[in-house]
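Welcome to this short tour. Open your viewer, show the chain as a cartoon, and keep the selection panel handy.

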Amino acid sequence: MLNLTDMWRAAGRAEHRRPADWLALEETMRFRAHADTHLTALDEPVLPNAGDAGIWAIDTDGLVAAIRGHGGGTWAHWQLALSYACYLSPAFHLWCNTVVRAAMKRPDVPAVQDSDPLPLYLAEHFRHLHRRLDTVDRHAADLMFLALSGQELVLGGRREFSELSRTILIRVAMAEPYDGRCPCCGNARILSTEGRPLAGTEFDHFFHRRLNRPEHGWLVCTVCHGELTHGGYLVRFARTPEFRAFQARVLKQRRLARERSGASPR
Ligand SMILES: [Zn+2]
């Protein structure tokens with residue numbers, strides 16, 4: 001809000017052009033009534049309950065406020081204040097127009113950036129999207145739990161990885177981008193420079209201990225194996241992207257091996 005009383009003083013204290021005189025004009029009341037129904041949230045009319053009760057007297061439309069007594073004054077929403085400036089004096093009117101025009105030409109006025117609706121619109125939609133993705137994540141984790149429980153009932157006991165499966169998993173872990181490091185944490189070394197599993201390296205059954213084809217497992221460090229084994233299905237679910245990435249390389253490896261051996265792909 002802008003101080004109408006200060007504006008009146010600055011414009012030379014014209015006797016019959018006080019803020020109260022202007023507010024009483026029919027023209028002013030028409031403008032105020034229109035502003036009251038057409039101002040948007042971006043124009044931020046003052047809420048009637050704003051300010052310190054008893055000191056500020058704010059009109060119900062939130063467009064005009066007054067502090068009574070010595071040193072008091074009348075304040076108005078900038079829309080009204082600009083209109084008052086025009087009424088006060090031709091010189092003040094001219095000055096206001098010049099200031100507003102200069103602000104319009106400046107490209108980096110923060111108020112204009114703040115009122116750009118596009119970032120707000122996008123932020124709102126991203127919030128919706130994140131909520132939906134969280135839901136999808138939870139459903140996928142629940143499905144994994146059900147699948148694991150079902151496998152447990154149906155499959156039973158453990159099956160070790162065959163020698164051929166182990167060779168394939170080692171070959172993938174030895175190649176780029178792993179270079180002998182754990183594909184789960186990307187950190188710990190799991191293979192010697194000759195490609196032999198270091199102590200503690202484990203062939204992890206990703207889906208179930210009975211599912212032992214190369215596409216059902218990977219080679220991980222002791223720490224990761226411990227977390228995957230004892231952390232519950234949510235830990236396993238969280239590592240799914242890393243496992244999928246590893247498996248994409250296993251499948252590629254197998255396809256290449258088939259092509260080399262001349263076998264026709266099924
Ligand atoms: Zn690891």
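Start by selecting Ala 66, which counts as buried because its relative accessibility is 13%, under the 20% cut-off. Keep in mind as you look around that this is a predicted model.

Now widen the selection to residues 64-67: this is strand S3, and Ala 66 sits in it. Next, add Ala 76 and draw a distance between the two C-alpha atoms. Ala 76 is 10 residues away from Ala 66 along the chain, and the C-alpha separation is 8.6 Å.

Zoom out to the whole chain. Colour by secondary structure and you can pick out 11 helices and six strands. Of the 266 residues here, 29% are buried. Try showing contacts, too: among those with a separation of 6 or more, 60% join residues 24 or more positions apart. Then switch on the surface, where the chain exposes about 17700 Å², with 58% of that supplied by carbon and sulfur atoms.

The last stop is the second largest pocket, which holds about 380 Å³ of space. Which residues are closest to its centre? Select His 205, Arg 209, Leu 228, Thr 229 and Arg 236 to see them; they belong to a lining of 16 residues. To view the surrounding framework, highlight helix H7 (117-155), strand S5 (202-205), helix H9 (222-230) and helix H10 (233-238), the elements that each give two or more residues to this lining. Finally, colour the lining by class: five residues are nonpolar, six are polar and five are charged.

Key:
Residues numbered from 1 in each chain as written. Predicted model: local features only at pLDDT ≥ 70, side-chain atom pairs only at ≥ 80, totals over all residues. Heavy atoms only, no water. Helix = DSSP H or I, 4+ residues; strand = E, 2+ residues; numbered from the N terminus. Buried < 20%, exposed > 50% of the residue type's maximum accessible area, 1.4 Å probe, protein only. Contact = heavy atoms within 4.5 Å. Areas by Shrake-Rupley, 256 points an atom, 1.4 Å probe, with all protein chains shown as cover. 1 Å grid on protein atoms, 1.4 Å probe; cavity = no way out; pocket = protein on both sides within 12 Å on 5 of 7 lines; lining within 4 Å. Points joined across faces, edges and corners; volume = space filled by probe spheres on them. Nonpolar A, V, L, I, M, F, W, Y, C, P; charged D, E, K, R; others polar.
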